[in-house]
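Here is a guided walk through a structure you may not have met before. Take a moment to turn it around on your screen, and then read on.

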Amino acid sequence: MSVFRNAVFLAAIAGLFAGIVMTGLQSFFTVPLILQAETYEAAAPAHDHGEGAAADHHHDEEAWAPADGAERTFYTALANIVTGIGFGLLLVAVSEIAGGITGWRQGLVWGFAGFAVFTLAPGLGLPPELPAMPAANLLARQVWWIATVGATAAGLALIAFRRSLPLAALGLALIVVPHVVGAPQPVSHETPVPADLHQRFVVTVTVTNLLFWAVLGAATGFIRTRFSGALGTPQNSLA
Amino acid sequence: MNTSTTFGAVESAKARVLPLLMTGLLGVFIIAVSGFAQMDVVHNAGHDYRHSMAFPCH
């Protein structure tokens with residue numbers, strides 16, 4: 001049980017820290033762009049979700065939503081911290097199985113891998129969206145997103161941890177295949193959101209996520225060195 | 001409690017894998033709920049976050 005407890009503890013501290021940093025970055029950089037895009041939402045053609053699911057999409061006006069301002073920011077912060085811990089748990093689990101992170105610098109490399117898996121790869125086919133932008137069927141996009149994340153992670157792991165040329169080639173293929181298949185796209189890309197606003201949003205989301213992953217990875221590596229006795233000395237081999 | 005003797009040579013690598021898998025599954029579960037769950041309340045609460053993380057949201 002101690003391995004589990006220590007892993008959760010490590011992920012919780014690193015995730016809490018990265019989530020707080022991410023909330024600060026979002027408040028300054030991405031949320032203002034989201035709010036700006038929402039002003040176009042009223043003017044948007046009824047969201048066509050590929051399957052004519054416009055009615056589905058409409059966030060139920062009856063449902064609870066946080067009030068704009070402090071309350072909304074609070075829930076964004078909560079979501080950031082909770083998910084920061086979720087990503088932290090995943091990072092700690094995978095890196096421990098691979099032998100454990102030896103310090104903040106190696107943690108940074110793990111963070112870059114997380115960024116490549118969770119932001120870069122899915123973002124190529126499904127760039128970050130603003131409100132009032134058309135998109136394909138939600139379920140189809142979620143399936144593609146999850147499959148791309150899984151394939152990219154498996155591909156990177158084959159390249160990084162198996163010293164074999166055929167397996168490295170297989171890993172590379174796994175990373176490429178989701179983009180050959182292609183992400184589900186909307187019937188029409190027509191949107192009232194100006195292209196330059198969206199372009200800024202894509203860059204901002206990508207860079208803030210890079211910073212989130214860099215902080216999460218480095219924090220995990222740094223904190224881990226503080227109690228390496230508890231999780232076992234990092235090894236170079238797979239557990 | 002958390003001395004290095006608890007782990008190291010005593011605890012084999014295999015004994016570590018199961019709790020680490022549980023750790024990873026817990027992480028996946030948390031990400032699934034906060035990033036993908038369709039419940040309106042969860043969606044509305046995490047709206048700005050989901051957009052900012054580029055999760056397929058709308």
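## Where two helices cross

Let's start in the middle of things: helix 5 of chain A and helix 8 of chain A make a right-handed crossing. A crossing is called left-handed if the near helix is turned anticlockwise from the far one by less than a right angle, and right-handed if clockwise. Helices here (H or I, at least four residues) and strands (E, at least two) are DSSP runs, numbered from the N terminus. The axes of helix 5 and helix 8 (residues 195-226) of chain A come within 7 Å and cross at roughly 145°; axes are lines fitted to C-alpha atoms, for helices over the stretch in contact, and angles run from 0 to 180 degrees between N-to-C directions. On the helix 5 side of chain A, the residues making the contact include A:Trp104, A:Gly107, A:Gly111, A:Phe115 and A:Gly123. Helix 8 of chain A answers with residues including A:Thr206, A:Trp213, A:Gly217 and A:Phe222. Two residues are in contact if their C-beta atoms, placed from the backbone, lie within 7 Å.

A word on what you are looking at: this is a predicted model, where local features need pLDDT of at least 70, side-chain atom pairs count only at pLDDT 80 or more, and totals for chains, interfaces and linings use all residues. Residues are numbered from 1 along each chain as its sequence is written, while chains are lettered from A and ligands numbered from 1 in the order in which they are written.

Now step back to see chain A as a whole. How many helices and strands does chain A have? There are 9 helices and 0 strands. Of the 239 residues in chain A, 41% are buried. Buried means that 20 or more other C-beta atoms lie within 10 Å of a residue's own; exposed means 12 or fewer, partly exposed is in between, and C-beta atoms are placed from the backbone. Contacts in chain A reach far along the sequence: among those between residues at least 6 apart, 85% join residues at least 24 apart.

UniProt, in an unreviewed entry, places the feature "transmembrane region" at residues 7-29, 74-95, 107-126, 138-158, 165-181 and 201-223 of chain A. Its positions are given in the numbering used here, feature names are shortened, and annotations may be inferred rather than shown by experiment. How do a couple of those spans look in the model? Residues 74-95 of chain A are 100% helix and 0% strand, with end C-alpha atoms 31 Å apart. Residues 107-126 of chain A are 95% helix and 0% strand, and the end C-alpha atoms lie 27 Å apart.

Next, follow helix 6 (138-161) of chain A. Helix 6 of chain A has 24 residues and reaches 34 Å from its first C-alpha to its last, close to the 34 Å expected at 1.5 Å a residue; the expected span is 1.5 Å times one less than the number of residues. Its buried residues include A:Leu138, A:Arg141, A:Trp144, A:Trp145 and A:Thr148. What covers the buried residues of helix 6 of chain A includes helix 5 and helix 7 of chain A. A:Phe161 also belongs to helix 6 of chain A, and A:Phe161 counts as partly exposed because it has 14 C-beta neighbours inside 10 Å. In the loop between helix 5 and helix 6 of chain A sits A:Ala132, which has a positive phi of about 75° although it is not a glycine.

Helix 7 of chain A has 17 residues (165-181), which should span 24 Å, and its end C-alpha atoms are indeed 24 Å apart. Still, helix 7 of chain A bends by about 30° at A:Ile175, with a proline, A:Pro178, following within four residues. That bend is the angle between axes fitted to the seven residues ending there and the seven starting there. A:Gly171, A:Ile175 and A:Pro178 of helix 7 of chain A are buried. After helix 7 of chain A comes A:Gly182, with a positive phi near 90°.

Finally, meet the partner. Chain B has 3 helices and 0 strands, and 41% of its 58 residues count as buried. How many residues of chain A are in contact with chain B? The number is 55, and they touch 38 residues of chain B. Helix 4 (70-97) of chain A is one of the helices that each supply at least two residues of the side touching chain B. Helix 4 of chain A gives the largest share of that side, 17 residues. Over in chain B, B:Ala54 lies in the segment after helix 3 (47-53) of chain B. B:Ala54 has a positive phi of about 65° although it is not a glycine, and B:Ala54 counts as buried because it has 22 C-beta neighbours inside 10 Å.
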